[in-house]
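Thanks for making time, everyone. I'd like to walk you through one structure today, so have a look at it first and then we'll go through it together.

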Amino acid sequence: YRNSSKNFSADVLSRNLYPPRVNDMNGKINILHAFGWEESCLPSEWVDDFNFYLDGITVMSNYVKKILIDNGVFIPIDVCGLGTDHFSLVKEDKDYVVDAKRFRFLHVSSCFPRKGINYLLDAYGQEFSSDDNVSLIIKTFENPHNNIKDILNEKLQENPKYPDVKIIFEDLTEAQLKQLYLDCNAFVAPSLGEGFGLPIAEAIQLGLPVIANNYGGQLDFCNTNNSSLIDYQYKYTENHFELLPSVWAEPIVDDLANNLKKTYEEAKNNSFSNLNPAINKNIDEYKWSNVVKKNINFIEKIINKTSIIPNIGFITT
C-alpha cells in the first residue's frame, strides 16, 4: 500500500495548488480540491501521480471532469464548482471612475494567449470605430505572457480610426472592481479554454449581459438564455506544455464581432433580454458555502466507500 511506509499526519489531507504536487501527501485520505484545467490533454505524469497518490479529486466544472476522465484519471471525481457570492458582501466604491465612452464592454483577465485577447481586439475593430460612442475596458495585470499593449499598438497603426480601448493594469480593491463591473454595459470573454471562468460568473451574478465562448467550464452556468455564445473551431494549444495533440477552442472572429454588435444594438434599444433575474437564477447556486459542502460530502463518500464504483468498458465486434 502506497502509504505503508509513512506516518499519517492527518485523517484527510486536501490541497489546492499549481502545479499539482501530490507525491508527498501523507494523509489517510488524500485529495485535490477545486482542480482546474483548460485544454484537452493533461500531462501524463500528472495522470499517473493522481491515480497513484490520490484517493479523489474535486474539480471546478464538468468540463474539467471530462478532461480528467478522457486522459485516464480513474479515481473518484466530483464537481464542486466555485462561488460568486463574495461580491454580495462588498460595497461598491462609487468614487472609482474610469474615463470611458457611454457604452462600455468589459474584459477581465490575465491576457494570457488562452484568454483570446487578440481575437477580441480583431472583432472589436471590425465592428466599431473611433466615431462610435463605445469603449472596451480591459482589466489585467503586468506579466511575462501579457502583450496587450503591443497588440493594441499594432491595431492602432493599422487603423487610425480604431475604436476606444482603456487598459487598467493597476491593482483594484474588491470595492473598485465591483464598481467597474457595474459601470459597464456588457462583459466579453472569448477565452479558448476555461476551467470555470470566475469573472464570467461574477458578471452574470451582477446582471451584466455576457458574451463568452461556447466551450469550456463556463458552460456549467452560461447558456443561450443568459449569454451570447461565440462559435468556435478546434485549434492546437500554444503553451509551454506542448501537449500534442492537445486542443482548445478558437473563437471565430466574425461571430464574436456579430455578438458585440448585437449586444451594443440591444443596449441602444433597451432590450437586454438576458438581464431577466429569473434567467440568471442558476448562478445563485454558486455559493462558497456550497463549494465547501460539496467537498465535505465528497470526502464522506470516500470514507464510506460509496463513491468507489467501478466503470467497466467492453470493446467488441
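Before I use any labels: strands here are DSSP runs of E, at least two residues, and they are numbered from the N terminus. Keep in mind that this is a predicted model.

With that, let's start at the pocket. Which strand gives the most to the lining of the largest pocket? That's β2, with four residues. The elements giving two or more residues to that lining are β2, at 29-35, plus α5 and α6. As for volume, the largest pocket comes to about 990 Å³. It's lined by 39 residues, and the closest to its centre are Glu38, Ser110, Phe112, Arg114 and Lys115.

Okay, on to the sheet. Six strands make an open sheet, and if you read across you get β7-β6-β5-β8-β9-β10, with parallel pairing. At the edges sit β7, residues 164-168, and β10, residues 227-230, each pairing on one side only. Going from one strand to the next, the twist averages 25 degrees.

Let me zoom in on β8. On one side, β5 and β8 run parallel and are joined by two bridges. There, Leu106 has Phe187 as its bridge partner in β8. β8, residues 186-189, also pairs with β9, residues 210-213, in the parallel sense over three bridges. Phe187 is involved here too, with Val210 as its partner in β9, while Val188 has Ile211.

Two helices to point out here. Helix α5, residues 174-183, packs on the sheet and touches β5, β6, β7 and β8, and its direction makes about 135 degrees with that of β5. Then there's helix α3, residues 117-127, lying across β5, β6, β7 and β8 and running at about 170 degrees to β6.

So is β8 covered or open on its faces? Both faces are covered: Ala186 and Val188 on one side, Phe187 and Ala189 on the other, all buried.

That brings me to the cores. The largest nonpolar core has 35 residues, and the ones with the most contacts inside it are Leu180, Tyr181, Phe187 and Phe221. Elements giving two or more residues to this core are β5, α5, β8, α6 and β9. There's also a second, separate core of 31 residues, which includes Leu120, Val165, Ile230 and Tyr264.

Phe187 keeps coming up, so who does it touch? Leaving out neighbours within four places in sequence, the contacts of Phe187 include Leu106, His107 and Val108, then Tyr181, and further along Pro199, Ile200 and Ala203. Leu208, Pro209, Val210 and Ile211 are also in contact with Phe187.

Last stop, Leu198, which lies in helix α6. Is Leu198 buried or exposed, or somewhere in between? Buried would need under 20% relative accessible area and exposed over 50%, so at 25% relative accessibility Leu198 counts as partly exposed. Not counting residues up to four places away in sequence, Leu198 touches Gly83, Thr84 and His86. And if you want one spacing to check on screen, Leu198 and Gly217 are 19 residues apart in sequence and 9.6 Å apart in space, C-alpha to C-alpha.

That's my tour, and I'm happy to go back to any part of it.

Methods
Residues numbered from 1 in each chain as written. Predicted model: local features only at pLDDT ≥ 70, side-chain atom pairs only at ≥ 80, totals over all residues. Heavy atoms only, no water. Pairing = 2+ DSSP bridges. Axes fitted to C-alpha atoms, helices over the stretch in contact; angles between N-to-C directions. Contact = heavy atoms within 4.5 Å. Core = buried A, V, L, I, M, F, W, Y, C linked by side-chain atoms within 4.5 Å. Buried < 20%, exposed > 50% of the residue type's maximum accessible area, 1.4 Å probe, protein only. 1 Å grid on protein atoms, 1.4 Å probe; cavity = no way out; pocket = protein on both sides within 12 Å on 5 of 7 lines; lining within 4 Å. Points joined across faces, edges and corners; volume = space filled by probe spheres on them.
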